[in-house]
Amino acid sequence: MNGPADWGAGKVDFSSTLAQYPGAAVAVGLYLSDATTGCNNQPLRAILGTNDSDVTSGSPNLITRYRDKVDEMVTRLKSYDRQVFLRIGYEFDGPWNCYNADFYKQAFAYIKGRIDALGATKVATVWQTAAWPLNTSTDHPEWNYVVTDPHHFDAWYPGDQYVDWVGLSSFYSAGSVATQWGCSATDTAPADLHDRVLDFARGHGKPVMVAESAPQGYDNGAGTKSCIMRKGPAATDADTIWNEWYQPWFDWIADNRDVVRAAAYINTDWDGQAQWSCADGAQAGGPGCANGYWGDSRIQANPTIRDRFLAQLRGSGWANG
């Protein structure tokens, strides 16, 4: 927030982005994971103030330091004087973040409490599920990474009084699953999982934000498509890409406009970024493909997709289209 930074997925620069889009709403992903340093949920425990030696030692201790950072962030977001959607611990149930559900819920509630206490009335909280269609750590069901559990979302939900929006990641559509998951099975149908999220939001009277979305595994510039778990691009055309991913995505949003009120599309060349690059033939999670295969989702990389995408946004269903 204080200056430009790049972790291998493009430059992040709050002041530059705010200046580029004056008056626009801002969606902020608040990362609270310590997955790269042991998965001990230390940031969450510090924020919620547990009496653990690793967060209470030192001067100032981690509780004070993290809570000061929460207040600094909220105060800065308030100063923007524009709508802010704060995605607290986004993709909370993505096993790659290794959040503990109870710690997560308590930290979420604490941050919401600071938003209210500091009078940041334009900052809305977003509770964003990864909508990841694979069960993980089934030998530890108490970790709540078994998405087929009918109570999966309940285990992670902080409560209606803390959540303003329900969010989800939506990288698969009904028409694209055969391509994206063609080399790897899922434990639940991705499209059905998305609908479960919407039904959960309806049950709690919350609007839905499609907080992250892109046609993973498709390369608009090269005109290829591939399974996301092992990169093996095959030639395709704009009509196929549009019909397999884009049209079903737009249709799904339109069909659920009673609850879907915002959508974010990630328009980037994933494979050109260090964090997301994947070598031909590489397996997701292995050497040369740490985070699976993503492709190139830039609409401007293909004139047909660009024109059709913009035509959709110009429809009556989209604000400022």
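Here is a walk through the fold, from the overall shape to the sheets, the odd backbone spots and the empty spaces. This is a predicted model, so local features need pLDDT of at least 70 and side-chain atom pairs count only at pLDDT 80 or more, while totals for chains, interfaces and linings use all residues. Residues are numbered from 1 along each chain as its sequence is written, and side-chain values use heavy atoms, with hydrogens and water left out.

Let's start with the whole chain. Its secondary structure comes to 10 helices and 12 strands; helices (H or I, at least four residues) and strands (E, at least two) are DSSP runs, numbered from the N terminus. The radius of gyration is 20 Å, close to the 20 Å that the globule rule gives for 321 residues, so the chain is as compact as a globular protein of that length. That radius is taken over C-alpha atoms, and the rule is 2.2 Å times the number of residues to the power 0.38. Along its principal axes, the C-alpha trace spans about 60 × 45 × 40 Å.

Now for the sheets. One is an open sheet of six strands, ordered S3-S4-S5-S6-S7-S11, with parallel pairing; two strands pair if DSSP finds at least two bridges between them. Strand S3 (26–30) and S11 are the edge strands, each pairing on one side only. From one strand to the next, the twist averages 30°. Helix H4 (residues 62–79) packs on this sheet, touching S3, strand S4 (84–88) and S5, and its direction makes about 155° with that of S4. Contact here means heavy atoms within 4.5 Å; axes are lines fitted to C-alpha atoms, for helices over the stretch in contact, and angles run from 0 to 180 degrees between N-to-C directions. Inside the sheet, strand S5 (residues 123–129) runs parallel to strand S6 (residues 165–170), and four bridges join them. Valine 126 stands opposite tryptophan 165 in S6.

There is also an open sheet of four strands, S10-S9-S8-S12, and its pairing is mixed. Strand S10 (234–235) and strand S12 (295–296) sit at the edges with a single partner strand each, so one side of each has no neighbour in the sheet. S10 pairs with strand S9 (residues 224–225) in the antiparallel sense over two bridges, and lysine 225 has alanine 234 in S10 as its bridge partner.

A couple of backbone details are worth a look. The peptide bond from serine 59 to proline 60 is cis, with omega near 0°, and proline 60 lies in the loop between helix H3 (53–56) and H4. Asparagine 41 is not a glycine, yet it has a positive phi of about 55°; you'll find asparagine 41 in the loop between S3 and helix H2 (42–48).

Finally, the empty space. On a 1 Å grid over the protein atoms alone, a cavity is a set of points where a 1.4 Å probe fits but cannot get out, and a pocket is an open set with protein on both sides within 12 Å along at least five of seven lines; lining residues have an atom within 4 Å of a point. Grid points are joined across faces, edges and corners, and a volume is the space filled by probe spheres set on the points. The second largest pocket has a volume of about 480 Å³. Its lining has 16 residues, with Arg261, Ala263, Gly317, Trp318 and Ala319 nearest the centre. The structure holds one cavity of 30 Å³ or more, and the largest cavity has about 40 Å³ of space. Residues lining the largest cavity include Asp93, Trp132, Tyr145 and His152.
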